[in-house]
Amino acid sequence: MFDFQNSGLTPELVTDRAEKNAFLLQEALDGFSSFDGSTGWVDIDSCADQALLQRISRKAAQIREEADLFILIGVGGSNNAARSVIEALRPGGVEICYAGNATAPSSMEYVLEQMEGKSVFVNIIAKNFETLEPGAAFRVIRKRMYEKYGADAGRRILATGTRNSRLHQLSITYGWDFFDFPEAVGGRYSAMTAVGLLPMAVAGVDIARLVAGAKDMRRQLLATAARENPALLYASVRTMLYEKGYRAEMLTFFEPRMRWFSKWWIQLFGESEGKDDLGLLPLACECSEELHSMGQFMQQGTPVAFETFLSMELDSPGPELSPDGVDDGFGYLDKMSFADLSRASESGTMAAHSTHLPCLCIHGGHCSERDFGGLFYFFMLSCVFSCRMMGVNPFDQPGVEAYKKNMFALLGKPGYEGLTAELEAKLK
């Protein structure tokens with residue numbers, strides 16, 4: 001699954017580093033017990049058991065029968081995993097609209113426009129229900145829902161949050177269907193919980209196959225020796241390249257359907273690893289679109305980054321480039337397919353870029369539920385391994401709280417008044 005032959009590191013050095021960190025595999029088998037309270041995702045059965053999958057599937061089927069539009073309100077880890085799968089697979093279920101991930105007036109106005117003339121259901125996802133963006137969006141959308149449906153609005157609103165939180169209490173008061181956001185799972189690790197699975201199911205994704213793919217990956221990774229373990233080898237190469245002076249990692253992909261997955265990947269590594277003045281800056285490059293921009297930099301720019309190619313299997317050959325009688329100068333493509341073009345583009349790019357910087361390759365399988373489940377788990381485990389090797393906590397995000405405190409102070413939230421004068425001075 002993971003190939004590091006163009007990493008600039010010898011196989012002996014990499015496998016030696018992996019074997020020195022073999023204890024991390026035992027930590028994973030033990031559920032990273034030293035981080036209790038953040039690792040409810042490690043054993044997938046504990047956060048995505050059959051009872052939950054059945055409940056989600058029943059609810060999603062009910063919504064699909066009645067809804068034209070399903071509004072997913074959440075930000076960051078509360079929507080990235082679901083969006084990455086929904087936008088890649090486009091399974092043909094209910095139309096999904098995303099809200100609560102921006103403060104721009106235009107984004108909120110767009111959501112309200114989409115609600116017009118449609119049968120709407122809403123899912124508010126918030127672990128502690130204090131984050132500004134989803135809270136503000138939910139207030140506006142909730143008001144519109146009750147204006148539109150009256151007493152029937154309550155059954156059209158679903159809430160995913162922490163039990164006994166304000167959101168949970170509101171759900172009890174107003175009759176919203178409530179799903180647990182597991183307290184021991186952080187947002188960026190929540191793909192295999194109701195946070196990710198419920199919206200996916202409404203969109204028509206086969207969540208049982210997704211979870212099965214994650215479970216298969218978990219079994220494979222935790223049963224593979226350190227020197228051959230893809231997650232441990234990937235983490236070892238990343239940290240070794242960091243030690244050699246590289247400061248960024250570019251995730252490069254030639255399958256446009258992986259666009260939103262790359263955003264999930266960026267959040268996972270950026271929020272987990274980027275602290276204590278440490279960590280690799282996670283970037284993404286969508287090809288061929290960005291080969292004339294980021295590709296140029298990676299080929300000849302300042303060598304601050306290495307490149308990890310996420311290589312996906314092609315589901316079909318695509319149309320054949322058969323001649324049509326016009327002498328257009330592309331006759332060398334006769335009888336080839338778009339699959340031939342894609343493979344040549346990916347291989348040619350990797351060969352070119354590897355002359356200037358280290359290039360790794362992760363073979364991601366197909367754009368399917370099962371392989372998405374495997375990719376989620378592979379990267380989450382690799383991220384924890386990388387953080388442990390670098391010496392940072394994989395599960396906290398103290399820097400994220402700073403911008404929230406500033407916003408709360410500027411907006412006059414009770415309890416944050418003392419920050420306002422200092423902030424205003426900085427903004428002058």
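## Asp177 and its surroundings

Asp177 is found in strand E6. This is a predicted model, so take what follows in that spirit. With a relative accessible area of 25%, Asp177 comes out as partly exposed, because buried would need a value under 20%. Setting aside neighbours within four places in sequence, Asp177 is in contact with Arg55, Lys59, Ile157, Leu158 and Ala159.

One of those partners deserves a second look: the side chains of Asp177 and Arg55 make a polar contact at 2.8 Å. Arg155 sits 22 residues from Asp177 in sequence, with the two C-alpha atoms 6.9 Å apart.

## Strand E5 and its partners

Next comes strand E5, residues 157-161. Is this strand enclosed or open? Five of its five residues are buried, so E5 is largely enclosed by the rest of the structure. Ile157, Ala159 and Gly161 point one way, Leu158 and Thr160 point the other way, and all are buried.

E5 pairs with strand E4 (residues 120-126) through five bridges, and the two run parallel. Ile125 has Thr160 in E5 as its bridge partner. To get from E4 to E5 the chain goes through helix H6 (residues 132-149), in a right-handed β-α-β crossover.

E5 is also joined to strand E6 (residues 177-180), by four bridges and again in parallel. Here Thr160 stands opposite Phe179. The route from E5 to E6 passes through helix H7 (residues 166-174), and this β-α-β crossover is right-handed.

## The five-stranded open sheet

Elsewhere, five strands make up an open sheet with mixed pairing, in the order E1-E10-E9-E7-E8. Which strands stand at the edges? They are E1 (2-6) and E8 (281-286); each has a single partner strand, so one side of each is left without a neighbour in the sheet. From one strand to the next, the twist averages 25 degrees.

Strand E7 (residues 248-253) pairs with E8 in the parallel sense over six bridges, and Ala248 stands opposite Leu281 in E8. As for the helices on this sheet, H10 (residues 230-243) lies across E1, E7, E9 (305-312) and E10 (359-365), running at about 40 degrees to E1. Helix H14 lies across E9 and E10, at about 140 degrees to E10.

## Nonpolar cores

The largest nonpolar core has 98 residues, and those with the most contacts inside it are Phe376, Tyr377, Phe379 and Phe385. Helix H14 (residues 369-390) gives the most to this core, with 14 residues. Not counting residues up to four places away in sequence, Phe379 touches Tyr234, Phe261, Trp264, Trp265, Leu268, Phe269 and Ile362. Apart from this core lies another, of 25 residues, with Leu69, Val120, Ala126 and Ile157 among them.

## Ser84 and helix H8

Ser84 lies in helix H4 (residues 80-89). Buried or exposed, how does Ser84 count? It is buried, because its relative accessibility is 0%. Beyond neighbours within four places in sequence, its contacts are Arg257, Trp260, Phe261, Phe372 and Phe376. Two names there have come up already: Phe261 is touched by Phe379, and Phe376 is listed among the residues with the most contacts inside the largest core.

Helix H8 (residues 194-203) has ten of its ten residues buried, so it is largely enclosed by the rest of the structure. Its buried residues include Val195, Leu197, Leu198, Pro199 and Met200. After H8 comes Gly204, with a positive phi near 105 degrees.

Conventions
Residues numbered from 1 in each chain as written. Predicted model: local features only at pLDDT ≥ 70, side-chain atom pairs only at ≥ 80, totals over all residues. Heavy atoms only, no water. Buried < 20%, exposed > 50% of the residue type's maximum accessible area, 1.4 Å probe, protein only. Contact = heavy atoms within 4.5 Å. Pairing = 2+ DSSP bridges. Right-handed = clockwise from strand over helix to strand, strands pointing away. Core = buried A, V, L, I, M, F, W, Y, C linked by side-chain atoms within 4.5 Å. Polar contact = N/O pair within 3.5 Å; in protein donor to acceptor, adjacent residues only side chain to side chain. Axes fitted to C-alpha atoms, helices over the stretch in contact; angles between N-to-C directions.
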